[in-house]
Amino acid sequence: MEQKKEIPLPAPLFRDPVYDCPTDPAVIWNEEEKMWYLFYTQRRAGAASIGVSWVHGTKIGVAVSRDGGKWLYRGTLEGLEIERGHNTFWAPEIIRAEGIYHMYVSYITGVPTDWDYPRQMLHYTSQNLWDWTFAGRVDLGSERVIDACVYEVGPRQYKLWYKDEDNGSRTSAAVSRDLYHWTVLGEEITDCAQEGPNVFELGGIKWMISDYWKGLAVYRSDDFEHWIRCADILDESGSRPMDKGWGHHADVLVREERAFIFYFCHPFACEDGRQGDKLTGLTEADRNKAVIQAAELTVRNGALRCDRNARAAWPQ
């Protein structure tokens with residue numbers, strides 16, 4: 001039997017060549033171009049900043065790869081504006097359903113210098129991952145919602161998880177049968193504040209991971225509704241190049257019963273005593289820089305594991 005080819009995944013997987021601060025990755029296969037697409041929040045770490053303006057005014061960055069081993073920056077998504085001016089887009093979630101790509105993205109009007117502004121969830125559709133049509137605002141019963149995760153939990157039954165900052169930054173959920181109209185269910189994860197939920201299945205188990213700013217919290221479920229907290233992952237620095245600090249806001253892609261996690265970290269920021277050496281002589285912009293890394297997830301004895309130091313290889 002011929003052994004399938006594998007492509008080693010580099011560390012870091014990707015660095016944004018404009019601002020050097022890609023965050024909130026989402027990876028999907030482009031059926032039309034037969035290429036992998038990486039979408040992310042293009043934070044502006046190297047830009048002049050007042051307060052937290054550097055995390056606002058962001059666009060959705062795009063990088064592509066034929067084999068997952070080398071990624072080419074292609075720019076940013078255009079045509080997403082729903083009002084005039086320079087506005088903010090965060091954390092794209094993109095799925096393909098019945099031949100159509102659906103993107104759910106967090107949106108803030110303008111470029112705030114502080115956190116005290118409403119956040120909305122916007123829905124777009126596309127046939128090719130480049131040309132997007134605005135499908136409307138997603139009403140989730142809150143004026144401060146970000147970080148959508150959408151998963152098909154049954155045939156044409158979709159569930160959306162998101163961070164509700166008006167409800168203690170807990171993870172809440174909504175359901176839909178058509179991806180356009182959503183019914184809010186309420187909060188599902190209440191043990192701590194968190195963001196960037198991501199849901200997937202691996203090893204016959206339903207999993208959720210989320211970023212609670214000390215690594216990634218892990219939960220398991222039998223029904224996509226009732227979740228049990230498990231051991232954290234990506235809560236200690238890695239040894240690969242630029243794989244330092246906690247893993248943040250991740251996406252998981254399951255291929256051929258193998259799972260790969262895409263996360264970002266701040267390699268120049270020492271977040272606590274375990275998070276790498278203190279680096280002196282760096283500007284605040286340097287400390288804010290981020291890279292995207294990739295690693296493989298496994299399930300052993302019913303537990304989700306991630307060895308961020310291990311060599312990860314992408315099956316072809």
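These are my notes on the overall fold and on His56.

I worked on a predicted model, where local features need pLDDT of at least 70, side-chain atom pairs count only at pLDDT 80 or more, and totals for chains, interfaces and linings use all residues. Residues are numbered from 1 along each chain as its sequence is written, and side-chain values use heavy atoms, with hydrogens and water left out.

**Overall fold.** I looked up the secondary structure and found one helix and 22 strands in the protein chain. Helices (H or I, at least four residues) and strands (E, at least two) are DSSP runs, numbered from the N terminus. The radius of gyration is 18 Å, close to the 20 Å of the globule rule for 316 residues, so the protein chain is as compact as a globular protein of that length. That radius is taken over C-alpha atoms, and the rule is 2.2 Å times the number of residues to the power 0.38.

**Burial.** I noted that 55% of the 316 residues are buried. Buried means under 20% relative accessible area, exposed over 50%, and partly exposed in between (1.4 Å probe, protein chains only).

**Contacts.** Of the contacts between residues at least 6 apart in sequence, 54% join residues at least 24 apart. A contact means heavy atoms within 4.5 Å.

**His56.** I located His56 in the loop between strand E3 (35-42) and strand E4 (59-65). His56 counts as buried because its relative accessibility is 0%. Leaving aside residues up to four places away in sequence, I listed what His56 touches: Arg44, Thr88, Trp90, Ile108, Val111, Pro112, Asp114 and Trp115.
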